[in-house]
Structure formats: structure tokens, C-alpha cells
Amino acid sequence: MTSTKLSDLLTEEKIRFSADRLGWREAVTQVAAPLLEAGDITPDYLAAMIESIEAGGTYIDLGFGIALAHARPERGAVRTAISMLRLEEPAPLLDKTEHAVDLYFCFAAVDAHAHTLAMASLARMLSDTDTREALRAARSAADVTKLISEFEETR
């Protein structure tokens, strides 16, 4: 059984940073790249996420400059997985400034149980103001994984 612990899912190789000025499609493509490379999702999963956002998917905007890109499991989720992309400059969803996002996550789950457990773990971490700010202050994937581990140890 796949772990649903955030520290097991969001590993260093699935965390990226970019100083490039990106559009939201590029940001979603870049945040999904580690999951594609690892075989956690298929190219169809990436296409499904982009289609969903194009159809008015600002629902992936969690607030606080954070977005959680995802699609239905049957569209190409191979394994439950999470990746993260930290942008220096926000890439607004649908180019709407009210949906400015600088912290993109890509989430894939193979079933409802895995989805619920992994999402609860991520939601707990992102709902903590100090942790959100520490994520933004992180300068390396190692900084992020250390932060996640420390957060899990104290909760």
C-alpha cells in the first residue's frame, strides 16, 4: 500500500523552484513534470488538468497564493503522488490577477481513500500560517522536505 504521509509523497525530487516568468499553463506543466518523469501520472493526466482549468477551473485556487492542480484518477493517475513548484513571480490562473498563484502543487490519487488521506495531510500543513510562509521562504527542496518532516513531528 502506498503511503499517504506527506513526507513520503512530497520528496526532494518532486519539489522545484523557478525564477522564470510563467503563464499558468507553463506552471501546471512544470509542477506536473516530476510526476510524469516518475511515472506517477500519464500525459493524459496533465492534459486533463489543463482542460479543467481552461473550463473555468479557478477552483484549484486554495487561497493564500496556493493552487492544487489535479484531475480525475481515471484520466491517468498511476500512483498517489504530490509535487510542488515555487515561483518567484505569481502565475495567475486563467490570467486573472485575483487568482495570483506562486505556490503550485500537483496532486494525483489512485482512489478515494488515498485522495482523502493525502489531501488531509496537505491541508493541515497549508492551513498553518507559519508553515505557509516557511514554504515560501524555502530556497531548496531539502529546506521544504525538512519543513514537512518537522511539521509532521509536531502534529
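**Helix 5, strand 4 and the nonpolar cores**

Asp130 and Ala137 are exposed (over 50% relative accessible area, with a 1.4 Å probe and protein chains only), and they sit on the other side of helix 5 from its buried residues. The model is a predicted one, in which local features need pLDDT of at least 70, side-chain atom pairs count only at pLDDT 80 or more, and totals for chains, interfaces and linings use all residues. Residues are numbered from 1 along each chain as its sequence is written, and side-chain values use heavy atoms, with hydrogens and water left out.

Helices (H or I, at least four residues) and strands (E, at least two) are DSSP runs, numbered from the N terminus. Helix 5 spans residues 129-137, and its buried residues (under 20% relative accessible area; values in between count as partly exposed) are Thr131, Arg132, Leu135 and Arg136. Viewed down the axis of helix 5, these buried residues fall within an arc of 140 degrees (taken from the directions from the helix axis to the C-beta atoms), so they line one face of the helix. A general rule helps here: an α-helix has 3.6 residues a turn, so residues three or four places apart point the same way. What do the buried residues of helix 5 pack against? Their partners are strand 3 (66-70), strand 4 (81-87), strand 5 (103-108), helix 4 (112-126) and helix 6 (141-154), where contact means heavy atoms within 4.5 Å.

Strand 4, one of these partners, is mostly covered, with 7 of its 7 residues buried. Ala81, Ser83, Leu85 and Leu87 point one way from the strand, while Ile82, Met84 and Arg86 point the other way. Two strands pair if DSSP finds at least two bridges between them. Strand 1 (residues 15-18) runs parallel to strand 4 and is joined to it by 4 bridges, with Ser18 opposite Leu87. Strand 5 pairs with strand 4 in the antiparallel sense over 6 bridges, and here Ser83 stands opposite Cys106.

A nonpolar core is a set of buried Ala, Val, Leu, Ile, Met, Phe, Trp, Tyr and Cys residues joined through side-chain atoms within 4.5 Å. The largest holds 28 residues, of which Val28, Met49, Leu93 and Tyr104 touch the most other members. Helix 2 (24-38), helix 3 (43-54), strand 3, strand 4 and strand 5 each give two or more residues to this core. Apart from it lies another core, of 23 residues, including Leu6, Leu68, Leu122 and Ile148.
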